[in-house]
Structures are given as C-alpha cells and as structure tokens.
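Student: I would like to take a close look at a single part of this model, going slowly from one detail to the next. Could you guide me through it in one connected answer?

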Amino acid sequence: MSYKIVIDSCGELLEQWKQDERFASVPLTLTVGSENIIDDETFNQKEFLAKVKASSECPKTAWPSPESFKEAFEGDAEYIFVVTLSNHLSGCYNSAALAKRLYEEENGTDGKKIAVIDSLSASAGELNIALFISFQRKNHQPIIDRRFYL
C-alpha cells in the first residue's frame, strides 16, 4: 500500500523527505508590500525578514490554491495524507478539502484514498502528525483518527 504525505509549507519537510517522492510540500505565498514571495525551496528567510523590516506594511500570507494541492495528489500513491496548518490560522485546510472534492469528482473515488487532516497547529504540529503517519505506514499500521480511518 503506497502512500504520500502532503503538507503546506508552514510545516517543514525533513531533509531526508525532500528527495523522497512520498512527500510533498505545497507552498504558501507571502506578501511584503507589493512583492509576492513563494515559500518554496528557494525561500530565503534572511532576505524575507529584511524586506519585512524595510516595509511600512505588515506581511500577509495566502494559502495554496486547490489546484496546487490537486497537483500534489498526482502519482501512484494509493493513500494520500494531507496535513495542513490549523483552520483557525489559515484557509489551507479548506483549500485542501476542496482540492480533494474536486479531485474525486474528476477521477472518482475508487483509486486513491485521500485524507485531509487539520493539524489544529502550525509548523511543529504539522511535522509531528506527518512523522506519526510516516512511522505508521512504514510499519504497516493503520492510521486511526476520529475523523478518518485508512
């Protein structure tokens, strides 16, 4: 049973996961003044903080589009676990849930099983959930939660 873990870029991928096709990060967009900065592998935190310091406006964030999440669902994985930033902090969860519905409308529900998980947390919380799922899948254990069972 192949799996894939997708997180938004608020949750940091471990170094060993960055080259592993079973893991994907969907980037948020950060806006400072009129400049949009994609929070992906090219993100430079030092430069970002300098831009924030130089700007008279507070930075803003935008969650990934449903299309970005749908692209992360592609591949051969049978089980996809999407772990998002808390819905109390961002629209990432809603965007990922919409992506799941759109993906299933277009492709049916017989192939992939997609679980969208609201971390109810941020960076470290997302990572902890992803680590738990990865550990359980590696050991062929079921993932049990009150919201889903795979």
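Student: Is Lys51 buried, partly exposed or exposed, and what is its relative accessible area?

Tutor: Please keep in mind that this is a predicted model. Lys51 is partly exposed, because its relative accessible area of 30% falls between the 20% under which a residue counts as buried and the 50% over which it counts as exposed. The side chain of Lys51 meets that of Glu35 in a salt bridge, with 2.8 Å from N to O, and Glu35 is likewise partly exposed, at a relative accessible area of 34%. In general, side chains of opposite charge can pair when their charged atoms come close. This pair links distant parts of the chain, since Lys51 belongs to helix α1 and Glu35 to strand β4, 16 residues apart.

Let us now look at the surroundings of the two partners. Helix α1, which covers residues 45–54, lies across β3 and β4 and runs at about 35° to β3. These two strands belong to an open sheet of three strands, ordered β4-β3-β5 and paired in the antiparallel sense. Its edge strands are β4 (35–38) and β5 (60–62), each of which pairs on one side only, and neighbouring strands in the sheet are turned by 30° against each other on average, direction ignored. Between β3 (residues 29–32) and β4, the antiparallel pairing extends over four bridges, and Thr29 stands opposite Ile38 in β4. The salt bridge of Lys51 and Glu35 therefore joins helix α1 to strand β4, and a search of the whole structure finds five salt bridges.

Key
Residues numbered from 1 in each chain as written. Predicted model: local features only at pLDDT ≥ 70, side-chain atom pairs only at ≥ 80, totals over all residues. Heavy atoms only, no water. Pairing = 2+ DSSP bridges. Axes fitted to C-alpha atoms, helices over the stretch in contact; angles between N-to-C directions. Contact = heavy atoms within 4.5 Å. Salt bridge = Lys/Arg side-chain N within 4 Å of Asp/Glu carboxyl O. Buried < 20%, exposed > 50% of the residue type's maximum accessible area, 1.4 Å probe, protein only.
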